[in-house]
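Thank you all for coming; I would like to walk you through one structure, slowly and with the terms explained as they come up. Please have a look at the sequence and the model first.

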Amino acid sequence: MKSKVYFAKEITAKKVLELYRLLGKELLGNVAVKVHSGERGNQNFLKPDFWKPVIEYVNGTVVECNTAYDGARNTTERHEKLMEEHGWTKYFSVDILDAEGPDLVLPIRKGKNITENYVGKNIVNYDSMLVLSHFKGHPMGGYGGAIKQLSIGVASSYGKGYIHGVGNPDNFWTSDHDQFLESMAEAASSVIDYFKGNIVYINVMKNMSVDCDCCAKAEDPCIADIGILISDDPIAIDQACIDLVYACSDPGKPHLIERIESRNGIHTIEKAAELGYGSRDYELIEVK
């Protein structure tokens with residue numbers, strides 16, 4: 001049976017909530033809402049007011065984790081200050097999951113490159129997760145979407161280095177690239193296992209630069225906005241976004257496609273499908 005991915009071309013906060021309700025999957029208990037806080041100086045990240053209706057609807061707590069590189073988010077103190085500067089704390093309760101150690105170590109059942117995933121220990125306070133992703137390019141992963149949010153996004157500061165280094169944070173910048181992509185897919189599987197599948201994914205194809213929201217100096221968007229997608233399958237939703245990029249007629253798409261292909265970004269999806277926590281075979285259901 002194909003995974004369902006709902007899609008709307010209209011990109012508004014109201015439409016995000018409409019699609020969430022249409023999906024019909026209720027997130028129960030304490031809901032962790034994974035966002036990207038946006039690096040200081042980044043102009044492309046999706047702002048808190050855009051996400052406000054759906055976060056309030058699920059009565060969720062915004063969660064983030066510290067970075068593993070220099071910047072405005074690499075310590076809890078700096079990250080909390082930035083979350084305030086960017087307006088997250090104006091609307092929501094915010095929880096830096098790895099604000100203080102020790103990390104929670106999640107087993108990766110089918111891991112070949114890594115067999116454990118280090119996440120912020122505060123994750124134990126939540127019963128389900130809403131993963132809000134800004135789909136765009138990425139300097140290392142080729143693209144950033146739901147799978148990256150589940151893996152690098154939920155990993156602690158140490159865990160981010162562990163995934164990037166394929167089990168050795170000292171190899172953050174020098175590990176085998178395809179093994180790094182596979183490690184992301186493997187790490188994501190452990191978060192899905194932890195929440196027993198009680199996760200919903202929303203990808204927004206807006207402000208699509210070749211660079212990530214983690215870049216303080218990101219390139220401006222190179223391709224026109226495409227829309228909002230929602231699914232309970234992280235593989236299907238990322239594959240659908242990739243397919244929409246290739247299918248669009250925007251003259252800027254070769255720049256984004258070059259970023260995706262030059263980093264072999266599709267390999268993350270290939271590995272995730274091999275691990276079996278979703279499918280690349282999906283039904284795209286457009287909502288007017």
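I will go through the open and closed spaces, then a few helices and single residues, and lastly the aromatic rings.

Please keep in mind that this is a predicted model, in which local features need a pLDDT of at least 70 and side-chain atom pairs count only at pLDDT 80 or more, while totals for chains, interfaces and linings use all residues. Residues are numbered from 1 along each chain as its sequence is written, and side-chain values use heavy atoms, with hydrogens and water left out.

Let me begin with the spaces, which are found on a 1 Å grid over the protein atoms alone: a cavity is a set of points where a 1.4 Å probe fits but cannot get out, a pocket is an open set with protein on both sides within 12 Å along at least five of seven lines, and lining residues have an atom within 4 Å of a point. Grid points are joined across faces, edges and corners, and a volume is the space filled by probe spheres set on the points. By that reckoning the largest pocket holds about 360 Å³ of space. It is lined by 23 residues, and those closest to its centre are Tyr69, His138, Lys148, His164 and Cys214. If we count Ala, Val, Leu, Ile, Met, Phe, Trp, Tyr, Cys and Pro as nonpolar, Asp, Glu, Lys and Arg as charged, and the others, Gly among them, as polar, this lining divides into eleven nonpolar, seven polar and five charged residues.

Which helices supply at least two residues each to the lining of the largest pocket? They are helix H5 (146–150), helix H6 (157–164) and helix H7 (177–194), where helices (H or I, at least four residues) and strands (E, at least two) are DSSP runs numbered from the N terminus.

Turning to closed spaces, the structure holds three cavities of 30 Å³ or more, and the largest cavity has about 50 Å³ of space. Its lining consists of Val35, His36, Leu46, Trp51, Leu132, Ser133, His134, Gln149 and Asp213, which by class makes four nonpolar, four polar and one charged. Strand E7 (residues 128–134) gives the most to this lining, with three residues.

Now to helix H7, where I would like to pick out two residues, Glu186 and Ser190. Are they buried or exposed? Buried means under 20% relative accessible area, exposed over 50%, and partly exposed in between, with a 1.4 Å probe and protein chains only. Glu186 counts as buried because its relative accessibility is 0%, and Ser190 counts as buried because its value is 2%. As for contact, which means heavy atoms within 4.5 Å, and leaving aside neighbours within four places in sequence, Glu186 meets Ile108, Lys110, Gly111, Lys112, Asn113, Ile114, Lys271 and Leu275. With residues up to four places away again not counted, Ser190 touches Leu106, Pro107, Ile108 and Asn117.

Helix H10 (residues 266–275) has His267, Thr268, Ile269, Lys271, Ala272 and Leu275 buried, and what covers these buried residues includes strand E9 (142–144), H5, H7 and H8. After H10 comes Gly276, whose phi is positive, near 90°.

From helix H8 (residues 234–247) I would single out Asp238, which is buried because its relative accessible area is 0%. Beyond its neighbours within four places in sequence, Asp238 is in contact with Phe135, Tyr143, Gly145, Ala146, Ile147, Asn203 and Ile269. Asp238 and Ile269 are 31 residues apart along the chain, with 7.5 Å between their C-alpha atoms.

By contrast, consider Lys217, in the loop between strand E10 (199–205) and strand E11 (227–231): Lys217 is exposed, because its relative accessible area is 79%.

Finally, the rings. Rings of Phe, Tyr and Trp (its six-membered ring) pair if their centres lie within 6.5 Å, with planes under 30 degrees apart counted as stacked, over 60 as edge-to-face and the rest as tilted. By this rule there are ten aromatic pairs. In one of them, Trp88 and Phe92 are tilted, at 6.3 Å centre to centre and 40° between the planes, and both residues are buried. Another pair, Tyr194 and Phe195, is edge-to-face, at 5.1 Å centre to centre and 85° between the planes.
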